[in-house]
Amino acid sequence: MPEFYIMDHQSHQISGDDKLKMVINTLPPNGGSGTFSYFKNSYFQKRSSSVEESKIEEEIQKKLDVEKIASASKMIIRVVDLGCATGPNTIMTAQSVVEAMKNKYETQCPNTETAPEFHVFFNDLPSNDFNTLFTSLPKDRNFYACGVPGSFYNRLFPESSIHFAHSTYALHFLSKSPEGVQEMNKGRIHYTSASREVVDAYATQFARDAGNFFDARAMELVPGGMLVIVMQGVPNGMPYSHIINGMLFDCMGSILMDLSKEGLFDESEVDSFNFPYYAPSPDEMRKVIEKNGRFSIERMELTDPAPWLKNMDQVIPQWILHVRAAMEPVFIKQFGDEATHQMFQRLTKQLLDKRQLLETKYRDKIQLFLVLKKKEN
């Protein structure tokens, strides 16, 4: 079964119901700097998230009162990347955000000689490879750095201590697989192409997790602070099987069933495995935020995450390397090293065989970009 991390809320309770321990069975991406490491295979995520970079700078320039938050915190501005993985994307994002906030401060205070200092916190699960992340920090960075291990579905910081929070390609990973779907989802590893009951179970788990995420951030952010999220999404009303990532999960499940029939593991291992990953629609996300009630939605839109993508034949092998770097630990924990290696090898070939169908799907707007501000009261 996937590895479990037990996170005790202790004094950092979000609500009365959350006095129970939260179970985390998602694992961080591959560490180190080897062939299948996230460090070497994360530039697709960087190129996709960079689609939103100018928008983040625009929102900071228009809507974040950097002078006010700096003055209220003795000129120390605290920024957090939630779900940072091992870089280098997280470092470049942090530098970009800090530069945008510096520029805004200079615009607001053109005659001041005092500039704010920036403290950036990099957060991920305790088993994340923080060593690789911090050895890659540039010496000339424009911020002070700190690692914060823990699940972002819990409280991580003191109340009203964070000024800007950012999460890229992380919030679509659920805290755990939905309960009660094993019997309903035999032969599949995801809600793609599954019954309505399975889809609803995943949606319910996402709503619960995202609710905890926003509850925690609402406590940690200062009034007027900003929260930016970039993650996988899906157009309102579109089945997940209609987009390119849905095809990916369908192929994975099919290959794993073949491997079970070849004797690498028992078929029950597939039946009991449901990958903890959910891409919400804008409508779903809006409901969660409005239920929380402590954020204003400044911007929410779906974008094409790969406007740069031209040739699927060349891209598919690299895409699968990136998927492997991000997801492999969860599969290894369930199916073992050899079966997982076989799955990714066959996955590349199977998707190449389906490239004409993939060509019709990769232009879908499936990247959700969200900018929120903590309400002043």
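**Sheet and helix packing**

Q: What order do the strands of the open sheet take?
A: The open sheet of seven strands runs E5-E4-E3-E6-E7-E9-E8, with mixed pairing. Strands are DSSP runs (E, at least two residues), as helices are (H or I, at least four), numbered from the N terminus. Two strands pair if DSSP finds at least two bridges between them.

Q: What kind of model is this?
A: Predicted: local features need pLDDT of at least 70, side-chain atom pairs count only at pLDDT 80 or more, and totals for chains, interfaces and linings use all residues. Residues are numbered from 1 along each chain as its sequence is written, and side-chain values use heavy atoms, leaving out hydrogens and water.

Q: Back to the sheet. Which strands stand at the edges?
A: E5 (144–149) and E8 (295–303). Each has a single partner strand, so one side of each is left without a neighbour in the sheet.

Q: And how do E7 and E9 pair?
A: E7 (residues 221–232) and E9 (residues 367–374) pair in the antiparallel sense over seven bridges. Leucine 227 has leucine 372 in E9 as its bridge partner.

Q: New topic. At what angle do H7 and H10 pack?
A: H7 (residues 244–261) and H10 (residues 312–335) pack at about 55 degrees, with axes 12 Å apart. Axes are lines fitted to C-alpha atoms, for helices over the stretch in contact (heavy atoms within 4.5 Å). Angles run from 0 to 180 degrees between N-to-C directions.

Q: Which residues make the contact?
A: Among them are Leu248, Phe249 and Met252 of H7, and Trp319, Ile320 and Phe331 of H10.
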